[in-house]
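Could you walk me through this structure in plain words? I'm new to it and would like to know where to look.

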Amino acid sequence: MKLGIYVVWAAVATATGLFVLLGYFFQLDLLFGLRLLLIQWAVLLAAGALFLGLFNLLSVHWAKVSLQEGGWPYSALLILMFLVTLVLGLLFGPDYQAVMLLFRYVQLPVEASLLALLAVSLTLAGFRLLSRRRDLASLVFLGAAFLTLLGTAPWPVGADSSLALVVGDLRAWISQVVAAGGARGILLGVALGAITTGLRVLLASDRPYGD
Amino acid sequence: MAEIRCPMCSKPNPEDAETCNFCGARLKPLMVGSADEPSSAGAPQDPGQNEPVPDWLARIRSKAEADRAEEGEEEDDAPKPADEGGGSPDWLGRLRQAEPLQDEGPPEGHIPDWLEETSEAAEKPFEQESEVRIPDPDRPETGWLDRLRAESPSAQVPEAGEDQAEGPAEADLFEPGSGNALDWLGELEERDIDDASAGLAAEGVSPWAEFETPPEAEDDLSPEADAQDEGQDDWLGDLEGGEPGGLPDWISELSEPGEAQAEEIEPGLEAEDDAPELPDIDLTLPGEEVGLPGPQPELSAPPAMDDDTLETAGTPEGTGEQSGEQSDEQTDEQTDDQSDEQTGVFDWDEVEFDWDSEAAQDELPEIEAPPVSVAGELPHVPALIMGETDDVLKSDAQDFDLSTVELPDWLSEVRPDSGDGEGGRGDLAPATIPNWLEAMRPVETFRPVVDIEPEEEQAIESVGPLAGLRGVLLAEPVVAKPRAATASGARLEVTERQFAQAELLERIVEQEEHEIPAAVAGKRTLPIARWLVSAVMLLAVLIPALTGTPVFPIPQRVSRDLGPLVGIVNTLPTDRPVLMVFDFEPGYSGELDAVAEPLIENLLARGINIVTVSTRPTGPPLAVDLINQIGAPYQVENGRNVLHLGYLSGGPSAVQLFSAAPREAILKGFQLPPEMSGQSAWASPLLRDVHSLSDFGMVAVVAAGTDTAQTWAEQSHPWLGDTPLVMILSQGAEPLIRPYFESLTPQVNGILSGLPTALAYEQLNGRQGMAFSRWNGFGAGAFAAEWLIIAGMAYGLIGWIMRRRRA
């Protein structure tokens with residue numbers, strides 16, 4: 001391996017990770033203070049990354065407007081609202097009444113409507129599923145969804161029937177056994193992946209900060 | 001800057017370059033007698049003055065030059081060369097040039113002036129030789145012999161058959177170091193000079209004519225030569241009878257009939273003995289005859305004049321020039337070597353003369369009878385030096401008409417026709433390729449890059465050793481000629497797989513060339529299914545909300561997760577605020593607001609202050625709206641019962657920071673009361689005792705996604721202490737967070753998810769909230785979705801069955 005300036009960056013990254021990690025095991029004021037300092041820096045960097053993300057979003061849509069690409073009016077509207085919100089937020093703060101109005105009567109209904117469309121789209125997908133694809137996975141998928149809905153949603157009639165109880169238990173078994181088992185497996189995989197990634201970074205084997 | 005393109009690699013080179021800088025090939029061809037030609041060892045050559053030409057050859061040339069001058073005066077019918085343009089090789093031109101001279105033999109008993117002039121002219125190039133020559137005015141008839149004596153005053157020619165090293169025969173006559181001394185001349189000196197030359201000189205007959213003219217040869221001599229028969233016989237008889245025992249064998253053989261003579265000569269030539277060489281040299285030197293066998297081989301084969309030949313051929317000249325300067329000792333030491341080297345002067349192997357044939361036998365006497373040898377000059381043979389050849393051809397060759405010269409048969413046969421490129425192939429079979437070789441020839445891949453022009457149109461080589469030849473390979477035009485790359489000589493072996501891939505690639509390329517027809521606009525059909533599903537879902541939600549019917553019954557069964565949660569909330573201390581984290585997007589507000597409402601209402605009902613925070617920019621407004629909506633009945637006042645910390649930027653790191661040091665993570669607040677304008681949220685009385693996360697009475701995370709819930713569960717757990725952490729989740733995120741709740745050491749102390757659970761919580765609170773108001777719509781929508789899925793499944797299965805039946 002060829003030595004270079006990356007050794008410095010690796011040393012910094014490893015030291016930082018070790019200090020934060022040791023803070024979980026040793027309740028020392030020095031480690032705690034250093035840990036907080038490092039986390040604050042990380043938070044500032046994250047805020048800067050968010051600002052860069054906003055700048056990138058603005059530049060992309062600005063390019064669309066400049067090149068008159070398809071859908072450029074929407075980009076222009078986005079830029080306009082972005083600038084309005086930014087100016088209002090910088091001048092009067094994020095809790096300014098106008099900003100709250102924009103959020104309450106623009107952003108909130110729009111996002112809620114999108115999720116409502118999601119409900120309709122998922123229902124339509126379930127409706128067409130067997131017409132498009134007839135296999136075991138599709139049948140299992142539709143069966144699980146149907147049972148979950150049937151066990152979650154109220155029954156117009158026969159809510160107290162034994163069938164409703166069975167369906168309710170079946171829905172609980174699906175969500176708390178089958179789905180929870182799959183979720184735990186996913187969590188374990190994520191945990192192992194996080195540990196491996198952390199060790200690789202601590203050992204400077206993986207250098208996302210570059211060589 | 002002029003450049004010379006290398007004939008081998010076609011790369012440009014400077015004009016003055018001798019060799020190619022790239023491939024090392026010689027750019028300037030070597031020419032005989034040119035300055036570039038490397039001099040032969042032992043015989044330094046001066047192309048300008050001392051050309052490496054044998055003296056006999058130089059004399060022949062000189063003789064020819066002298067004859068040109070006189071022939072214009074003496075011979076009106078002098079023949080003109082048939083080919084002036086160099087169609088014939090130089091040697092042939094000079095050979096033809098020498099033929100008329102033979103026919104013009106000197107008058108009987110008289111040495112013509114032109115011959116004397118020729119002798120004088122022949123002596124001019126050899127300055128050194130003229131210096132050592134002792135002219136004898138008393139014996140003009142035997143000038144040639146005198147000159148030979150003068151050239152070798154102290155020559156002691158050994159007897160024939162003896163080792164030449166034993167006698168200093170040619171020590172003074174020729175260059176000792178040349179290695180090309182003429183043994184025959186030395187022997188001649190030894191045997192004849194002392195005895196016969198004096199007598200012959202007295203008779204006024206050239207000793208050349210006597211000892212070189214056998215009786216049989218006299219018949220073939222020209223009339224001019226016949227006129228000298230009488231005198232020649234005399235001196236020859238004296239020569240033979242004067243010293244019978246001392247007469248060399250070669251002279252005796254020369255006197256014998258031609259057949260025997262020819263038999264003796266040829267072995268002698270092959271054996272490289274001294275005796276057989278004599279007649280050859282004799283024939284060559286004095287004979288201005290056409291049928292000279294001596295020089296003929298060299299004349300007929302100019303390419304044979306390689307370096308070795310030139311080296312040895314040039315030696316006699318040097319010998320003649322330096323004979324007076326060389327010591328006898330040097331001569332003695334080199335005599336043996338010279339004897340061998342003399343043999344190599346002429347490439348006898350290339351002699352095409354048939355010595356056994358009758359023609360040759362008839363011509364031998366003619367060859368050996370130099371009619372004009374009285375001048376003592378060596379005959380002129382065709383020049384082999386390019387520069388001299390050019391001069392002769394240009395100036396003198398036009399005086400001869402070779403077509404009128406009667407050439408002997410053997411010469412006609414021997415005459416190389418390479419000059420015009422025709423006759424040489426008369427006996428050659430046309431070039432053919434055997435069938436087996438033709439079968440091996442790559443037919444498809446071979447393409448001639450240069451068209452072979454007809455022979456008449458082919459250029460004549462102007463320089464180099466092939467000068468004068470037509471149809472030679474011209475390297476430069478072939479190399480420098482721009483042309484397409486030739487095809488590979490070997491076929492490419494393609495496997496089946498490669499062939500299939502090649503075909504596939506070819507098809508792909510062909511498809512790319514084809515124009516794709518414009519897609520036909522399909523028949524636009526209304527998305528009936530989409531519209532139908534949308535309409536059903538919309539009506540299912542609107543009708544219960546507008547009409548209040550149908551009424552779905554309140555679930556009688558309560559989730560088992562609700563009990564622990566309610567127990568936590570009901571046991572919370574009222575003096576410690578509860579931190580509620582609103583980490584969800586506005587789109588999930590319809591569900592999560594209804595789910596979180598009973599918990600918030602329960603807290604407010606218990607008089608627990610609420611502090612909100614969010615890791616999402618849209619979280620604080622949602623929190624403000626929800627708290628204000630729920631807290632209205634409870635007279636909730638911002639800054640007094642509720643405080644909004646606002647947005648916590650930084651993602652998971654911010655969560656950890658906030659968990660470890662909340663006051664350092666958030667410095668301001670969101671919608672703080674007017675009395676706290678310009679102040680930090682931590683200045684609020686609600687947070688007076690809060691310095692860490694564990695100072696809160698409870699931490700409730702309202703999240704729609706699993707990531708946010710996991711982050712809070714993992715990052716805040718070390719700092720929570722005894723503070724319970726509850727999750728208010730969307731129905732879809734609940735399975736992934738449940739493991740944190742159901743573990744032995746739970747990181748999540750309570751879960752509240754789903755509208756039915758929220759409705760149940762409301763029922764426990766004894767107040768109908770948003771969960772209850774949305775229950776019918778929720779039930780109708782879920783019911784519609786269930787039936788739509790069932791309808792779709794039935795439609796798909798029926799259609800599949802029908803299609804199978806039709807098939």
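Where α28(B) passes α30(B), the crossing is right-handed. This is a predicted model, so keep that in mind as you look around. The axes of α28(B) and α30(B), the latter covering residues 706–715, come within 9 Å and cross at roughly 35°. On the α28(B) side you'll find P652(B), V655(B), Q656(B) and S659(B), and these meet T711(B), W712(B) and Q715(B) in α30(B). Sort the residues of this contact by type and you get three nonpolar, four polar and no charged.

Now for the sheet. Chain B has an open sheet of six strands, in the order β5-β4-β3-β6-β7-β8, with parallel pairing. The edges belong to β5(B) (642–647) and β8(B) (750–753); each has a single partner strand, so one side of each is left without a neighbour in the sheet. On average, neighbouring strands are turned by 15° against each other, if you ignore direction. As general background, strands of a sheet pair through backbone hydrogen bonds, either parallel or antiparallel.

Look next at the pair β3(B) and β6(B). Strand β3(B) takes in residues 578–583 and β6(B) residues 698–703, and six bridges link them in the parallel sense. To find your place along this pair, look for F582(B), which stands opposite V702(B) in β6(B). Helices also pack on the sheet. One of them is α25(B), residues 562–570, which touches β6(B), β7(B) (725–729) and β8(B). The direction of α25(B) makes about 115° with that of β8(B). Another is α26(B), which touches β3(B), β4(B) (610–614), β6(B), β7(B) and β8(B). Its direction makes about 145° with that of β7(B).

Back to the β5(B) edge. Is this strand enclosed or open to the outside? Six of the six residues of β5(B) are buried, so the strand is largely enclosed by the rest of the structure. Five bridges join β5(B) to β4(B), and the two run parallel. S614(B) stands opposite Y647(B) in β5(B). Put α27(B) together with β4(B) and β5(B), and you have a right-handed β-α-β unit.

A few single residues are worth a stop. R663(B) lies in helix α29(B). With 14 C-beta neighbours inside 10 Å, R663(B) counts as partly exposed. Leaving out residues up to four places away in sequence, R663(B) touches W682(B) and H691(B). There's also L693(B), 30 residues apart from R663(B) along the chain, with 9.9 Å separating the two C-alpha atoms.

Two other residues have a positive phi without being glycine. For Q671(B), phi is near 50°, and this residue sits in the loop between α29(B) (662–665) and β6(B). Buried or exposed? Q671(B) is buried, with 23 other C-beta atoms within 10 Å. For S10(B), phi is near 65°, and its place is the loop between β1(B) (3–5) and β2(B) (12–14). S10(B) has 17 C-beta neighbours inside 10 Å, so it counts as partly exposed.

Finally, turn to the other chain. Chain A has six helices and zero strands, so to speak an α-α-α-α-α-α run from the N terminus on. Of its 211 residues, 12% are buried. Among contacts in chain A with a separation of 6 or more, 33% are between residues 24 or more positions apart.

How many residues does each chain bring to the contact between them? Chain B gives 56 residues and chain A gives 50 residues. On the chain B side, the elements giving two or more residues are α24(B) (528–547), α26(B) (589–605), α27(B) (619–631), α28(B) (651–660), α32(B) (734–742) and α35(B) (775–806). The largest share of that side, 17 residues, comes from α35(B). By type, the chain B residues that touch chain A divide into 32 nonpolar, 17 polar and seven charged. That list brings back α28(B), the helix from the start of this tour, as one of the elements on the side that touches chain A.

Key: Residues are numbered from 1 along each chain as its sequence is written. Chains are lettered from A and ligands numbered from 1 in the order in which they are written. This is a predicted model: local features need pLDDT of at least 70, side-chain atom pairs count only at pLDDT 80 or more; totals for chains, interfaces and linings use all residues. Two residues are in contact if their C-beta atoms, placed from the backbone, lie within 7 Å. Helices (H or I, at least four residues) and strands (E, at least two) are DSSP runs, numbered from the N terminus. Ala, Val, Leu, Ile, Met, Phe, Trp, Tyr, Cys and Pro count as nonpolar, Asp, Glu, Lys and Arg as charged, and the others, Gly among them, as polar. A residue is buried if 20 or more other C-beta atoms lie within 10 Å of its own, exposed if 12 or fewer, and partly exposed in between; C-beta atoms are placed from the backbone. Two strands pair if DSSP finds at least two bridges between them. Axes are lines fitted to C-alpha atoms, for helices over the stretch in contact, and angles run from 0 to 180 degrees between N-to-C directions. A crossing is left-handed if the near helix is turned anticlockwise from the far one by less than a right angle, and right-handed if clockwise. A crossover is right-handed if, with the strands pointing away from the viewer, the path from the first strand over the helix to the second runs clockwise.
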